[in-house]
Amino acid sequence: MQKVKIGIVGGTGYTGVELLRLLANHPQAEVCVITSRSEAGQRVADMFPNLRGHYDLAFSEPNMENLKACDLVFFATPHGVAMSQTPELIAAGVRVIDLAADFRLTDLAVWEKWYDMKHTCPEVMSEVVYGLPEVFREQIKQAKVIANPGCYPTAVQLGFQPLLAAGLVDTGFLVADGKSGVSGAGRGAKVGSLSAEVSESFKAYGVSGHRHAPEIAEGLTRMTQGQPVNLTFVPHLVPMIRGIEATLYAKLTLPKTQAELQALFEDCYRDEPFVDVMPAGSLPDTKMVKGSNMCRMAVYVPAGGDTVVVTSVIDNLVKGAAGQAIQNMNIMFALPERMGLEQVALLP
Ligand SMILES: NC(=O)C1=CN([C@@H]2O[C@H](COP(=O)(O)OP(=O)(O)OC[C@H]3O[C@@H](n4cnc5c(N)ncnc54)[C@H](OP(=O)(O)O)[C@@H]3O)[C@@H](O)[C@H]2O)C=CC1
Ligand SMILES: CC(=O)N[C@@H](CCC(=O)OP(=O)(O)O)C(=O)O
């Protein structure tokens, strides 16, 4: 079987390097092109010594002809880059997975408002599938373009899905309290990401509105078959490097016991390779998924009341970005879904 020839645009950012780390152990992947404008000419393994012995490649300037020789191009770039190159790539028969948000919202007026730029290829949207395999596995198989979900949206949508699919909660009042490690802000130098700013402190941000709120709301609305969803989403920055924890709250519309909800969640994700419903009475923490493509979650009905609480954890760089992108690649190229993604989380 021929390996999948891969191009990565944006190879020096955290998600680009994470793609390289994971693909180094993927038996059917061959990374042929890896771009960086600032590091063009630099050898990958010189810049990232953890990759020594795995890659005999240098970063190159983005070049359309090189990318067109690939079977698949991952964009691990800021918002707005993938949409400028995707039409030409798919016309050349290359499939695209965008780790940024260029194709994540179907309503482009909403997209343009949140991303503060004009969408340059609305005609491509009919070729796009939202790359959350637990919901869209069948459509992903044939997709030319994958909109890889955001990190918070992955943790939140997977946590709410069993409740919404079963029609058990009031969709008019959903709350998602998200917390992320600092690598979520990318590798670019910013004062807000400095150790002295972030360490020994903990804050909410984007409370008046965050661009992941419309992405999550659109995803949740698909799970309720169009019933409107009213979501409050508040992200927080925590002093750790990797990981997202999302605590989700919803009101039950039918009385359900803890045991019934535990069974519902276990049934929903029984066959999913990358979602683990924790045993009743336990709770996941971000360390349990660090470096792995797993989403682990737990469901509770505190004091037997009418509020259901779900806690959901992922590694933002893996299931929240590069790992999920490779999971999508495996599905698109009819490879075993777990291929290259069997890493066990790091402890401690
Ligand atoms: N960090 C995270 O946890 C997650 C990130 N994402 C999304 O993934 C994308 C990448 O994130 P992350 O890796 O953190 O970002 P970084 O800021 O760490 O890296 C961005 C990369 O893109 C390259 N780049 C920047 N501008 C351009 C351009 N105009 N053309 C081509 N390449 C460009 C940069 O290299 P150079 O400038 O040298 O070309 C660099 O390699 C973002 O859209 C982000 O929102 C999604 C989920 C989670
Ligand atoms: C901690 C932190 O800053 N997280 C980022 C989200 C992570 C991310 O990159 O998401 P997108 O792919 O949707 O841009 C933020 O809140 O903007």
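**Close-ups of a two-ligand model**

**View 1. D98 faces A147 of strand 6 across a strand pair.** Strands here are DSSP runs (E, at least two residues) and helices are too (H or I, at least four), numbered from the N terminus. Strand 4 (residues 95-98) and strand 6 (residues 145-147) run parallel, joined by three bridges; two strands count as paired if DSSP finds at least two bridges between them. Everything shown comes from a predicted model, where local features need pLDDT of at least 70, side-chain atom pairs count only at pLDDT 80 or more, and totals for chains, interfaces and linings use all residues. Residues are numbered from 1 along each chain as its sequence is written, with chains lettered from A and ligands numbered from 1 in the order in which they are written.

**View 2. Six strands make an open sheet with parallel pairing.** Reading across, the order is 2-1-3-4-6-5. Strand 2 (29-35) and strand 5 (128-130) sit at the edges with a single partner strand each, so one side of each is left without a neighbour in the sheet. From one strand to the next, the twist averages 20°. Helix 11 packs on this sheet, touching strand 1 (4-9), strand 3 (72-75), strand 4 and strand 6; contact means C-beta atoms, placed from the backbone, within 7 Å. The direction of helix 11 makes about 160° with that of strand 4 (axes are lines fitted to C-alpha atoms, for helices over the stretch in contact; angles run from 0 to 180 degrees between N-to-C directions).

**View 3. A seven-strand open sheet shows mixed pairing.** Its order is 8-9-7-10-13-12-11. Strand 8 (203-204) and strand 11 (275-277) are the edge strands, each pairing on one side only. Strand 11 pairs with strand 12 (residues 295-300) in the parallel sense over three bridges, and V275 has C295 in strand 12 as its bridge partner.

**View 4. Ligand 1 lies between two domains, because domain 1 (4-149 + 319-332) and domain 2 (152-316) both give residues to its shell.** Those bounds come from an automatic or database domain assignment. Of the 31 residues around ligand 1, G10, G13, S38, A100 and G186 come nearest; to be near, a residue needs its C-beta atom, placed from the backbone, within 6 Å. Helix 1 gives the most to this shell, with three residues. By class, the shell has 11 nonpolar, 17 polar and three charged residues (Ala, Val, Leu, Ile, Met, Phe, Trp, Tyr, Cys and Pro are nonpolar; Asp, Glu, Lys and Arg charged; the others, Gly among them, polar).

**View 5. The shell around ligand 2 has no charged residues.** Six are nonpolar and four polar; among them are C151, S180, H212 and P235.

Notes: Contact = placed C-beta atoms within 7 Å.
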